[in-house]
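Dear colleague,

Here is the structure I said I would hand over. Please look through it first; my notes on what was found follow below.

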Amino acid sequence: MQRPETKNNIQQSNGKHGITKYSDAKYGNAKYNSIKYSNIKNYNTKYRSVKQKDIQHSCTQEHTLKSSSIAACPVIPLKSLLLRYRHAWILLYGIFYLACFAWLEKTVTKKFHIITMPIDLKIPFCEYFIIPYLLWFAYITFGVLYFFFHQKEDYYKICVFLFTGMTVFLIVSAIYPNGHYLRPLTFERENVCTDLVRWLYQTDTPTNLFPSIHVYNSLGVHIALTHSACFKDKKAVSRTSFVLCVLIILSTMFLKQHSVFDVFTAFGMATIMYYIVYREAYKKVLSLLRAGKSEKSPALHDLRL
């Protein structure tokens, strides 16, 4: 316990210690504390301002780096892009084909030769085959566009294969109009697939049937995929392509879109085009076109399929 005179001694020692009150002995000098607090406050303010400047500087640096990296990315000029994909001109054939096919659909409506075989009547109608039938569009598009971007030589081969057969189909349909009456008038079941088949029957007439382009183009894409070096070691692609190709061919008959005769003629034309495009004859013709030699006639005479 502190003695009473200690309080008086502390009050009288103002000059030595700078303490004026007894409370100052306990809590310290209020003026000193306020100065210390203001110094700490000023230091924190300066620290925050410096830190904020550093953050802004780092953000500016990051934005500059991003801008420079974006600027450093190579921008492909339009001219070089056109040169790289100049082989796209072959796809213009699609416009010609669609225009001719639309004309045939409007022209060949009543007077045509009926194409049927006895086996057609024994094949039942199955609406579920509408799924692989519609997948045909994605299947053909994948085959053409993949080789368009990855393998130019295979792209030329598949285009020659497909477009030659499609041209033959247009000529046959114009010279020998054909069709059939195999489609069912009513459906035993009502579901989503029958709705799709009904829509298909409304948009596609049962005319201009042989050779079946659905069958022929499916065979062409499958042959292109299996003969390409891009899918040489990818057995899953070949097997998937084979299954889809078979389902598409079956769908043309089970949906009563084509006769068996249409399928047979498509196989026959695909066999001929296979030997022209994927055998020695095509390789020799391609080598002649690349060499650009003037004496092409003797070499073409020696071509053997």
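I start with a helix pair. The axes of α7 and helix α9 (residues 192–203) come within 10 Å and cross at roughly 50°. This crossing makes α7 oblique to α9, because an angle that is neither under 35 degrees, nor over 145, nor from 65 to 115 counts as oblique. On the α7 side the contact is made by Ile130, Tyr133 and Leu134, which meet Cys193, Leu196, Val197, Trp199 and Leu200 of α9. Sorted by class, the residues in this contact are 8 nonpolar, with no polar and no charged ones. Please keep in mind that this is a predicted model.

The second pair is α11 with α12. Their axes approach within 9 Å, and the crossing angle is roughly 150°. The two helices are therefore roughly antiparallel to each other, since angles over 145 degrees are classed that way. Here Ile249, Thr252 and Met253 of α11 meet Val260, Val263 and Phe267 of α12. The class count for this contact of α11 with α12 is 5 nonpolar, 1 polar and no charged residues.

Next, the nonpolar cores. The largest has 44 residues, and the ones with the most contacts inside it are Tyr139, Phe147, Ile158, Phe161, Leu162 and Tyr278. At least two residues of this core come from each of α6 (93–107), α7 (130–150), α8 (152–175), α10 (213–227), α11 (235–254) and α12 (260–277). Which helix gives the most to this core? That is α8, with 9 residues.

Tyr278 deserves its own entry. With neighbours within four places in sequence left aside, Tyr278 is in contact with Lys157, Ile158, Phe161, Ile223, Ala224, His227 and Met273. Apart from the largest core lies another one, of 9 residues; Phe129, Tyr133, Phe187 and Leu255 are among them. Tyr133 is also one of the α7 residues that meet α9.

Some backbone details come from two loops. In the loop between α9 and α10 there is Pro211, and the peptide bond that leads to Pro211 from Phe210 is cis, with omega near -5°. Asn208 has its place in the loop between α9 and α10 as well. Asn208 is not a glycine, yet its phi is positive, at about 55°. Is Asn208 buried or exposed? Its relative accessibility is 4%, so Asn208 counts as buried, the cut-off being under 20%.

The other loop is the one between α11 and α12, where Lys256 lies. Lys256 is a residue other than glycine, and its phi is positive too, near 60°. Lys256 has a relative accessible area of 7% and is therefore buried.

Last, the cysteines. How many disulfides does the structure hold? The count is 0. Cys159 is buried, as its relative accessible area is 2%. Cys230 has a relative accessible area of 22% and is therefore partly exposed, because the buried class ends at 20% and the exposed class begins over 50%. A further cysteine, Cys193, is among the α9 residues that meet α7.

Regards

Note on methods. Residues are numbered from 1 along each chain as its sequence is written. This is a predicted model: local features need pLDDT of at least 70, side-chain atom pairs count only at pLDDT 80 or more; totals for chains, interfaces and linings use all residues. Side-chain values use heavy atoms; hydrogens and water are left out. A nonpolar core is a set of buried Ala, Val, Leu, Ile, Met, Phe, Trp, Tyr and Cys residues joined through side-chain atoms within 4.5 Å. Buried means under 20% relative accessible area, exposed over 50%, partly exposed in between (1.4 Å probe, protein chains only). Helices (H or I, at least four residues) and strands (E, at least two) are DSSP runs, numbered from the N terminus. Contact means heavy atoms within 4.5 Å. A disulfide is a pair of cysteine sulfur atoms within 2.5 Å. Axes are lines fitted to C-alpha atoms, for helices over the stretch in contact, and angles run from 0 to 180 degrees between N-to-C directions. Ala, Val, Leu, Ile, Met, Phe, Trp, Tyr, Cys and Pro count as nonpolar, Asp, Glu, Lys and Arg as charged, and the others, Gly among them, as polar.
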